[in-house]
Amino acid sequence: TGKSVPEIVIQGKQVMMKAGNFEMVVHSGTGQLVQMQIQGLQVPVKGPFLQMLPLTTGPCNTEHSLNIEPLNAFCRNWEGRITDSGKDDSGTWIRVEGSYEEAGLIYTYHLDSLGKLKIDYQLNCKMDIDPRQIGLVFELPSEFDLLSWKRIAQWSVYPDDHIGRPSGWSRPFTAGKDKRPQFGIKPGWPWSSDQTPWGSNDFRSTRENILWVELSNESNQGIRIDSDGTQAAHAWVENDRICLMVASFYTGGGDLFFASHHQAERKPLKKGNVFMGQVTLSGY
């Protein structure tokens with residue numbers, strides 16, 4: 001995408017920001033995305049939605065249930081609106097203020113001349129929480145199901161099907177094959193291909209230290225998240241949508257075995273504490 005003069009247009013309850021081949025529409029009554037235009041394709045991208053996922057753990061019991069509900073819930077009952085918008089030397093911007101049950105939230109969309117969108121956000125906790133992940137989620141139509149990424153990995157060599165590999169691609173399901181594990185039956189596929197209604201282990205994996213992540217369709221159109229190796233991302237299927245979460249804070253799980261190992265990186269938040277993050281997004 002070449003440089004262009006960013007534009008901002010207000011039409012009733014919709015505010016449009018445009019630069020190059022990238023265009024986005026925000027609803028003034030919610031402050032959330034209604035759609036994006038990517039290379040001429042109108043895409044109903046929804047979000048951003050705030051996630052504050054708590055650390056959870058429990059007793060170490062012997063059980064064999066394969067039906068484990070994922071922790072994917074968004075914060076609840078968003079009420080927000082656009083409070084200001086304008087242009088400056090570096091592009092156009094929209095400021096949104098609002099609140100969830102769990103936290104107050106202020107964020108600013110900033111679209112530059114290259115068509116790159118930065119979302120800076122600040123949340124004010126309304127509750128005490130020891131978080132596993134904090135970040136923003138975007139929803140795309142189900143055809144945007146090709147996940148690609150590059151990240152800074154812990155090791156230099158990984159098996160080709162390892163969920164921690166530094167770069168690669170994944171889809172949520174393998175067509176024509178049921179790869180749902182059944183207790184007591186040896187599967188004929190690698191663990192990374194085990195599937196749930198939310199996608200395979202490989203597709204749903206949290207990828208730490210990301211440099212970029214993309215979700216695209218069969219025509220190679222999609223969205224891209226750029227980062228500096230300090231963020232994490234994970235995707236999953238939610239009914240007829242694909243969700244992509246970009247975490248500005250993340251840590252290991254709440255299991256007892258590794259709790260001491262992760263203790264130094266935990267970030268417990270108290271009511272009234274402030275947390276800040278950023279997401280950089282573009283279309284292609």
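Start by selecting Cys125, which is buried in this predicted model, with a relative accessible area of 2%. Show its sulfur and look for a partner: the closest cysteine sulfur belongs to Cys75 and lies 9.1 Å away, which is too far for a bond. A disulfide is a covalent bond between the sulfur atoms of two cysteines. Next, select Cys243, which is also buried, at a relative accessible area of 0%. The sulfur of Cys243 has its closest cysteine sulfur in Cys75 as well, but at 14 Å, so this pair too is too far apart for a bond. How many disulfides does the model contain? With a cut-off of 2.5 Å between the sulfur atoms, the count is zero.

Keep Cys75 and Cys125 on screen and add Met52, because the contacts of Met52 include both of these cysteines when its neighbours within four places in sequence are left aside. The other residues in contact with Met52 are Glu102, Ala103, Leu123, Ile129, Gln133 and Ile134. Met52 also has a place in the largest nonpolar core, which holds 63 residues, and there it is one of those that touch the most other members, together with Met24, Met36, Leu50, Tyr109 and Leu123. To see where the largest share of this core comes from, colour strand 18, residues 241-250, which supplies eight residues.

From the core, move to Ile94, which you will find in strand 8, residues 91-99. Is Ile94 buried or exposed? Its relative accessible area is 0%, and Ile94 is therefore buried. If you leave out residues up to four places away in sequence, Ile94 touches Ile8, Val15, Met17, Val26, Ile82, Asp84, Ser85, Tyr107, Thr108 and Tyr109. Among these contacts, pick Ile82 and draw a distance between the two C-alpha atoms: Ile94 and Ile82 are twelve residues apart along the chain, and their C-alpha atoms are separated by 6.9 Å.

Now look for empty space inside the model, where there is one cavity of 30 Å³ or more, with a volume of about 40 Å³. Which residues line this cavity? Select Leu147, Trp149, Phe203, Ser205, Arg207, Ile210, Val213, Ala233, His234 and Ala235 to display the lining. Two or more of the lining residues come from each of strand 12 (146-151), strand 16 (207-216) and strand 17 (222-238). Sorted by class, the lining has seven nonpolar residues, two polar ones and one charged one.

For an open space, turn to the second largest pocket, which has a volume of about 260 Å³. Of the 14 residues that line this pocket, Ser170, Arg171, Thr174, Ser193 and Asp202 lie nearest its centre, and they are a good set to select. The whole lining of the pocket divides into three nonpolar, six polar and five charged residues.

Finish with some details of the backbone. In strand 6, residues 46-54, select Pro48, and look at the peptide bond that leads to it from Gly47, which is cis, with omega near -5°. Then go to Asn209 in strand 16, which has a positive phi of about 55° although it is not a glycine. Asn209 counts as partly exposed, at 25% relative accessibility. The last stop is Asn239, in the loop between strand 17 and strand 18, where phi is near 60°, again a positive value in a residue other than glycine. Asn239 is exposed, with a relative accessible area of 72%.

Definitions and conventions. Residues numbered from 1 in each chain as written. Predicted model: local features only at pLDDT ≥ 70, side-chain atom pairs only at ≥ 80, totals over all residues. Heavy atoms only, no water. 1 Å grid on protein atoms, 1.4 Å probe; cavity = no way out; pocket = protein on both sides within 12 Å on 5 of 7 lines; lining within 4 Å. Points joined across faces, edges and corners; volume = space filled by probe spheres on them. Helix = DSSP H or I, 4+ residues; strand = E, 2+ residues; numbered from the N terminus. Nonpolar A, V, L, I, M, F, W, Y, C, P; charged D, E, K, R; others polar. Buried < 20%, exposed > 50% of the residue type's maximum accessible area, 1.4 Å probe, protein only. Core = buried A, V, L, I, M, F, W, Y, C linked by side-chain atoms within 4.5 Å. Contact = heavy atoms within 4.5 Å.
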